[in-house]
Amino acid sequence: MNYNHATSLSEVHQSIDTNSKSKWKKLFAFFGPAYLVSVGYMDPGNWATDLAGGSQYGYKLLWVLLMSNMMALLLQSLSARLGIVRGRDLAQANRETYPKGVNFVLYLLAEVAIAATDLAEVLGMAIGIQLLTGLPLIWGVSLTVFDTFLLLVLQRYGIRKMEAFIVALVAIVGISFLIQLVMAKPNMGEVVHGFIPTLPDNTALYIAIGIIGATVMPHNLYLHSALVQTRKIKRDDAGIKQALKLNFIDSTIALNLAFLVNAAILILAAAVFFKTGRTDVAEIQDAYQLLEQLLSSKLAPILFAVALIAAGQSSTVTGTLAGQIIMEGYLHLRINPWLRRLLTRLLAIVPAFFTILIAGENQVGPLLVFSQVLLSMQLGFAIIPLIHFVSDKHTMGKYAIKPAVKVISWAITALLVYLNMRMVYTEAINYISGTGNIYVDGIIILAMLGFVVLLVITIIYPLLSRYRQEATGGIHTPQVSLGELEKPEYKRIAMALEFSKKDEQIISYAIAHGNEQTEYILIHIVESASAKYFGKESDDFETRKDQEQLDTYLALLQSRGIKARGQLGFRHRAKEIARIANNEKADFLILGGHGHKGIKDWIYGETADQVRHFVKIPVLVVQ
């Protein structure tokens, strides 16, 4: 059937049943989405601030990690609420609310955030590979392109297997740091005191801003609002309330685990570096090199590198999913997952590759900082619309957030946007003061002005009355008239046959949609090497056997008084099916769900997914 733009992550939408009679099975069914989200809070981009905070100030900034985790928990729960109640992910809700021009800019910024996130993962994984194997960093960056297809493999096993894979990677990270903490033997009394708010000096304030500013990843808000929709729930009050409650528990557990990992990094840095006077450790490579020396153990740096690779790998999977959600939600455009993954990864690899090639490995740190600045610029454009949507009683009904939650949410947003704007402003001023190029300076200033203008539009536009009139995604659908519903009559029904056991099912569906006057067009695509080269001129064994099989089907149908004729197609399967259907003036098309298997699916995509782009008639996919 034609792709349904109204669902988020359509291939796994409501694929997990949560209506088990067993209390524990029901609880377990809801667990998963927040774990995929949590990896964004322990990705390689966060390690630098944790290492810097621990090595320079010991345990004194642990309270900042705890506070930022509480902020993240609130915002992620709002994202999950949007997906559960409205059945919309954040990108879809934005598309329904803002003007086309604003939406396009928001889409571009979201794509930049995805690329920036992936850049941090690429660099983190490359550093991990280098530390573990000694491979030059530039080769490590190049090797990361091969994880492009990991998500595709995982998707074939379903969303639950993907969640299990991510949980396993998170467990590797957590266990690695737990073992290192046992080796480091931190003073638990001092660790507890670290949760008392204190800022020793301005540098500590700057590091605290870095920790808080990197807390919420923009793509995680898009991701969470879509992932919760993979659970099939009852759409009554009890079902929605239960889903909100269990997803909040899921988020609490998962994000607290992420907090423990970040806290472990900071505590490790404090116990190993701060206590030995090495307050200058801020780079990941420095930390790795000193761990063996200061802990007198070869295992500690190995575990550190393994954790870094696991954190980077898990984040790349969730980043790709977020990219798919953003593209489908904003543009109603869906491309093959492998192509989506490859494009995202190349956007990350190319700048990393050339930076290392031209400037050297010592510029990896600044490149990581640059990726975090790009993420900072996008954050406000994800949080502000989200709070607008979950606060709106018109679309959320009684599930709109309470006034107290609204005040706290806006306060957190104001803080995060201020901190991120301050970071962007500082970086821009530093760059302008060092370039001496008036044209580059002008572009930066114009970009900053545009940034502020777009931020104001994002805040104000949903408050206008026009939003009330145009919003279409609420709980209460508008009053509409369906008119007189008449059953369509098809004169010519085309069916694409595979010459497999599924053909009987395809033919049955075709006949069920026709009548006595309907004419049926049987289509089969010859896929032999000769047929792909010679096309209609092909006369190889497979082509002759396919024609015989087609004639057999036609004879059987005609013996039952069914009007039918057949055509063989050649070369490109999807294009040929569409060409024949269009030439025969078919008004309905039926085909099987998987024309290709294995690697061909990765390269060409499913036939059904491509055919729908080439025809303008209803398409029924028989699974």
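**Figure 1. A first look at the whole chain, starting with what "exposed" and "buried" stand for.** A residue is called exposed when its relative accessible area is over 50%, buried when that value is under 20%, and partly exposed in between. Lys 585 has a relative accessible area of 62%, so it is exposed. Keep in mind that this is a predicted model. The protein chain holds 27 helices and seven strands. Of its 623 residues, 54% count as buried. The accessible surface adds up to about 28,500 Å², and 63% of that belongs to carbon and sulfur atoms. Now for the contacts with a separation of 6 or more: 83% of them are between residues 24 or more positions apart.

**Figure 2. Two loop residues with a positive phi.** Lys 585 sits in the loop between helix H25 (573-583) and strand S6. Its phi is about 55°, a positive value, although Lys 585 is not a glycine. The other residue to look for is Phe 499, in the loop between S3 and H22. Phe 499 isn't a glycine either, yet its phi is positive too, near 60°. With a relative accessible area of 21%, Phe 499 counts as partly exposed.

**Figure 3. Helix H22 and its buried face.** Helix H22 covers residues 502-512, and Asp 503, Ile 506, Ile 507 and Ala 510 are buried in it. Looking down the axis of H22, you'd find these buried residues within an arc of 95°, so they line one face of the helix. Here's the background: an α-helix has 3.6 residues a turn, so residues three or four places apart point the same way. Turned away from the buried side of H22 is a face that carries the exposed residues Glu 504 and Ala 512. What covers the buried residues? Strands S3 (492-496) and S4 (519-526), helix H24 (541-559), and strands S6 and S7 are among the elements that do so.

**Figure 4. Strands S6 and S7, side by side.** S6 (residues 588-592) and S7 run parallel, and four bridges join them. To pick out one of these pairings, find Leu 591: its bridge partner in S7 is Val 621. S7 spans residues 619-622, with Val 619 and Val 621 pointing one way and Leu 620 and Val 622 the other. That fits a general pattern: in a regular strand the side chains alternate between the two faces of the sheet. Whichever way they point, all four of these S7 residues are buried.

**Figure 5. A salt bridge between helices H4 and H5.** Salt bridges turn up in several places in this model, and the count comes to ten. As general background, side chains of opposite charge can pair when their charged atoms come close. In this view, the side chains of Glu 96 and Arg 86 meet in a salt bridge, 3.2 Å from N to O. Glu 96 belongs to helix H5 (residues 90-97) and Arg 86 to helix H4 (residues 62-86), so the pair ties together parts that are ten residues apart in sequence. Arg 86 is buried, at just 6% relative accessibility.

**Figure 6. Two salt bridges that link distant parts of the chain, and a network.** Start with Lys 275 and Glu 190, whose side chains meet in a salt bridge at 2.6 Å, N to O. Lys 275 is in the loop between helix H13 (237-272) and helix H14 (284-295), while Glu 190 is in helix H10 (residues 188-193), 85 residues apart. Lys 275 is partly exposed at 45%, and Glu 190 is partly exposed at 31%.

Then move to Asp 237 and Lys 398, a salt bridge whose closest N and O atoms are 2.7 Å apart. Asp 237 lies in helix H13 and Lys 398 in the loop between helix H18 (393-396) and helix H19 (403-435), a separation of 161 residues. Both Asp 237, at 39% relative accessibility, and Lys 398, at 48%, are partly exposed. Elsewhere, Arg 492, Glu 519, Arg 565 and Glu 584 are linked in a network of salt bridges.

**Figure 7. A nonpolar patch on the surface.** Which residues form this patch? They are Met 421, Val 452, Val 456, Ile 459, Ile 460 and Leu 464, with about 430 Å² of accessible area together. Helix H20 (residues 438-460) gives the patch its largest share, four residues. Ile 460 lies in H20, and at 43% relative accessibility Ile 460 counts as partly exposed.

Methods. Residues numbered from 1 in each chain as written. Predicted model: local features only at pLDDT ≥ 70, side-chain atom pairs only at ≥ 80, totals over all residues. Heavy atoms only, no water. Patch = residues over 30% accessible without salt bridge, like charges linked within 9 Å, V, L, I, M, F, W, Y side chains within 5 Å. Areas by Shrake-Rupley, 256 points an atom, 1.4 Å probe, with all protein chains shown as cover. Salt bridge = Lys/Arg side-chain N within 4 Å of Asp/Glu carboxyl O. Buried < 20%, exposed > 50% of the residue type's maximum accessible area, 1.4 Å probe, protein only. Pairing = 2+ DSSP bridges. Arc of directions from axis to C-beta. Contact = heavy atoms within 4.5 Å.
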